[in-house]
Amino acid sequence: MEKRKKNAIILGLDPGTRSTGYGLINVSGHSLEALDYGCIRPPANLPLNERYLILFENLEALLLKYAIDAVSIENQFVSRNAQSALKLAVAKGVLALAVTRKKIPLFEYTPKKAKLSIVGSGSASKEQVQKMIQSLLSLKEAPVPEDASDALALAICHSHHMNTLEVTHV
């Protein structure tokens, strides 16, 4: 079992080919602090393989900048569009590869599980999640864009589950 550390840095990732949200938090006991958040946005006019490379390289830069203890990534939403689902799966795989190369534990959470962990309801609205994240992280404003907010939610979700999870790799 993974024990809660005095300090742990958790990176949340909300994968996408057009926008991948990231959110870094520092967990100190029961205190949470936002370290960094935003989005990696490869130019939409680039071929997919080049967008995937941009995701990989930007995530590698984040992994080098911070001493990350765990990564929490959104479990895939299967859409009706098979092409979109495949592109998203590849983006998630590229991100997982960057994390695995650094030997950082990787955990998956569904959007519903993250919302439940943050707001107490798996069907919470994006606005409810953003407001709760703002409160939990003592931010002056609700985090934007939504992809970054979702990534912070995933990081916070993992912080809530750190004591109960066995370390497993995705």
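Two strands count as paired when DSSP finds at least two bridges between them. With that in hand, start at strand 1 of this predicted model. Strand 1 spans residues 7-14. Strand 1 and strand 4, residues 70-74, pair in the parallel sense over 4 bridges. One contact point to locate by eye is L11, whose bridge partner in strand 4 is V71.

Strand 1 also has a partner in strand 2, residues 20-28. Here the pairing is antiparallel and runs over 8 bridges. A hairpin of 5 residues makes the link from strand 1 to strand 2. To find the register, look at A8, which has V27 as its bridge partner in strand 2. Strand 1 is mostly covered, with 7 of its 8 residues buried.

Now move to strand 4. Its pairing with strand 5, residues 106-109, is parallel and uses 4 bridges. In that pairing, I73 stands opposite E108 of strand 5. How many of the residues of strand 4 are buried? The count is 5 of the 5, so strand 4 is largely enclosed by the rest of the structure. Both faces are covered. A70, S72 and E74 lie on one side, V71 and I73 on the other.

Next, the nonpolar interior. The largest nonpolar core has 24 residues. Within this core, L11, L13, L59, L63, I68 and V71 touch the most other members. Two or more residues come from each of strand 1, strand 2, helix 1 (48-65), strand 4 and helix 2. A second core, separate from this one, holds 16 residues, including I10, A124, I133 and M162.

L13 is a good place to pause. Leaving aside residues up to four places away in sequence, L13 touches G21 and Y22, as well as L59. L13 also touches V71, S72, I73 and E74. L95, A151 and L154 complete the list of its contacts.

Finish at K92, in helix 2, which covers residues 82-101. Is this lysine buried or exposed? The cut-off for buried is under 20% relative accessible area. K92 has a relative accessible area of 12%, so K92 is buried. Which residues does K92 touch, not counting those up to four places away in sequence? They are P15, I73, E74, N75, Q76 and E108. Two of these names have already come up as a facing pair: I73 stands opposite E108 in strand 5. K92 touches both I73 and E108.

How values were computed. Residues are numbered from 1 along each chain as its sequence is written. This is a predicted model: local features need pLDDT of at least 70, side-chain atom pairs count only at pLDDT 80 or more; totals for chains, interfaces and linings use all residues. Side-chain values use heavy atoms; hydrogens and water are left out. Buried means under 20% relative accessible area, exposed over 50%, partly exposed in between (1.4 Å probe, protein chains only). Contact means heavy atoms within 4.5 Å. A nonpolar core is a set of buried Ala, Val, Leu, Ile, Met, Phe, Trp, Tyr and Cys residues joined through side-chain atoms within 4.5 Å.
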